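Reader: I am new to this structure and would be grateful for a close look at a single part of it. Please choose one sheet, set it within the whole, and then follow its strands to whatever they border.

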Amino acid sequence: TDANVSMMVYGENGKHSDEVKLKTKDNNFQSGGQDDFKIEMDSLGKLHKLRVWHDNTGLGPGWHLQKVVLTHIESKAEYVFPAAKDGGDGGRWLSKRDDDKEIIRELPATGKVIHTPAAVLTYHVHTITGTKSGAGTDAKVFVIVYGSLGDTGVRQLKDSSTYRDKFEKGHTDKFTLEAVDLGELTHIRIYHDNSGLGPSWFLDSVEVFAEG
């Protein structure tokens, strides 16, 4: 990929690192390549998951990622974060043209200290727009889902399975997003970017639940 790549690491009790930007030179992240970085972060205890994404910039932003490996320099403790949903070596696209057209992935931690890697779940997010006059919005809408084991990070609600013209008056729009198991869901943050001809939005309610 030619895009700028970032990641965030989650440990015990939902603790997480700051955003780590990985793009350091023009030829990073080329096909078949391995890129090594030295990063610093606060202690997170036993690692739970890693979130990796890019900003979709450059001439060739699509990226097929196989895995991320984190090794503690002093203790040599190693965590492997496979990108494939089945935990194998098949990898996964972060691309707006391939797979599910997402450019953000959550990868569960594996390694000697991880007895059972966390599952990658599909979460359903249903937004119910109110029925007041002018209730709908043309803006881009974003959500963060929080649970006892972490959060999803910022996700744009892009493709409604119920309406092509989403967030209109009286509509229930249904979206899905993938994330490593968040544990017990606690709350969400939902907002928009105030763009479009009619950005104001009268939101009635939001339903969030894990598939299965």
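Author: Two residues are said to be in contact when they have heavy atoms within 4.5 Å of each other. On that basis, of the contacts in the protein with a separation of 6 or more, 70% are between residues 24 or more positions apart. This is a predicted model, in which local features need pLDDT of at least 70 and side-chain atom pairs count only at pLDDT 80 or more, while totals for chains, interfaces and linings use all residues. Residues are numbered from 1 along each chain as its sequence is written, and side-chain values use heavy atoms, with hydrogens and water left out.

The whole comes before the part. The protein has 15 strands and zero helices; helices (H or I, at least four residues) and strands (E, at least two) are DSSP runs, numbered from the N terminus. Its radius of gyration is 18 Å, which agrees with the value near 17 Å for a compact globule of 212 residues. That radius is taken over C-alpha atoms, and the globule rule is 2.2 Å times the number of residues to the power 0.38. Along the principal axes, the C-alpha atoms fill a box of roughly 60 × 40 × 30 Å. Of the 212 residues, 39% are buried, where buried means under 20% relative accessible area, exposed over 50%, and partly exposed in between (1.4 Å probe, protein chains only).

The part chosen is an open sheet of four strands, antiparallel in its pairing and ordered β2-β1-β3-β8. Two strands count as paired if DSSP finds at least two bridges between them. In general, strands of a sheet pair through backbone hydrogen bonds, either parallel or antiparallel. β2 (20-21) and β8 are at the edges; each has a single partner strand, so one side of each lacks a neighbour in the sheet.

Within this sheet, six bridges link β1 and β3 in the antiparallel sense, and M8 has R51 in β3 as its bridge partner. β3 is in turn joined to β8 by five bridges, again antiparallel, with V52 opposite R105 in β8.

V5 shows the surroundings of β1, the strand of residues 5-10 in which V5 lies. V5 counts as buried because its relative accessible area is 1%. Beyond its neighbours within four places in sequence, V5 is in contact with V20, K21, L22, K23, F29, V52, W53, H54 and W63. By contrast, 38 Å separates the C-alpha atoms of V5 and G170, which are 165 residues apart along the chain.

At the edge of the sheet, five of the five residues of β8 are buried. In general, the side chains of a regular strand alternate between the two faces of the sheet. In β8 both faces are covered, since I104, E106 and P108 on one side and R105 and L107 on the other are all buried. K101 belongs to the loop between β7 (92-94) and β8. K101 is partly exposed, because its relative accessible area is 43%. Most residues other than glycine have a negative phi, yet K101, which is not a glycine, has a positive phi of about 65 degrees.

The strands of the sheet also lead to a pocket. A pocket is an open set of points, on a 1 Å grid over the protein atoms alone, where a 1.4 Å probe fits, with protein on both sides within 12 Å along at least five of seven lines; its lining residues have an atom within 4 Å of a point. The second largest pocket holds about 820 Å³ of space, a volume being the space filled by probe spheres set on the points, which are joined across faces, edges and corners. Among its 36 lining residues, E102, I104, V154, R155 and Q156 lie nearest the centre. Two or more lining residues come from each of β1, β3 (49-54), β8 (104-108), β9 (120-129), β12 (155-156) and β13 (172-180). The lining comprises 17 nonpolar, six polar and 13 charged residues; Ala, Val, Leu, Ile, Met, Phe, Trp, Tyr, Cys and Pro count as nonpolar, Asp, Glu, Lys and Arg as charged, and the others, Gly among them, as polar.

One of the other strands named in that lining, β9, contains H126. H126 is buried, with a relative accessible area of 9%, and its contacts beyond four places in sequence are T172, D173, K174, F175, S205, V206, E207 and F209.
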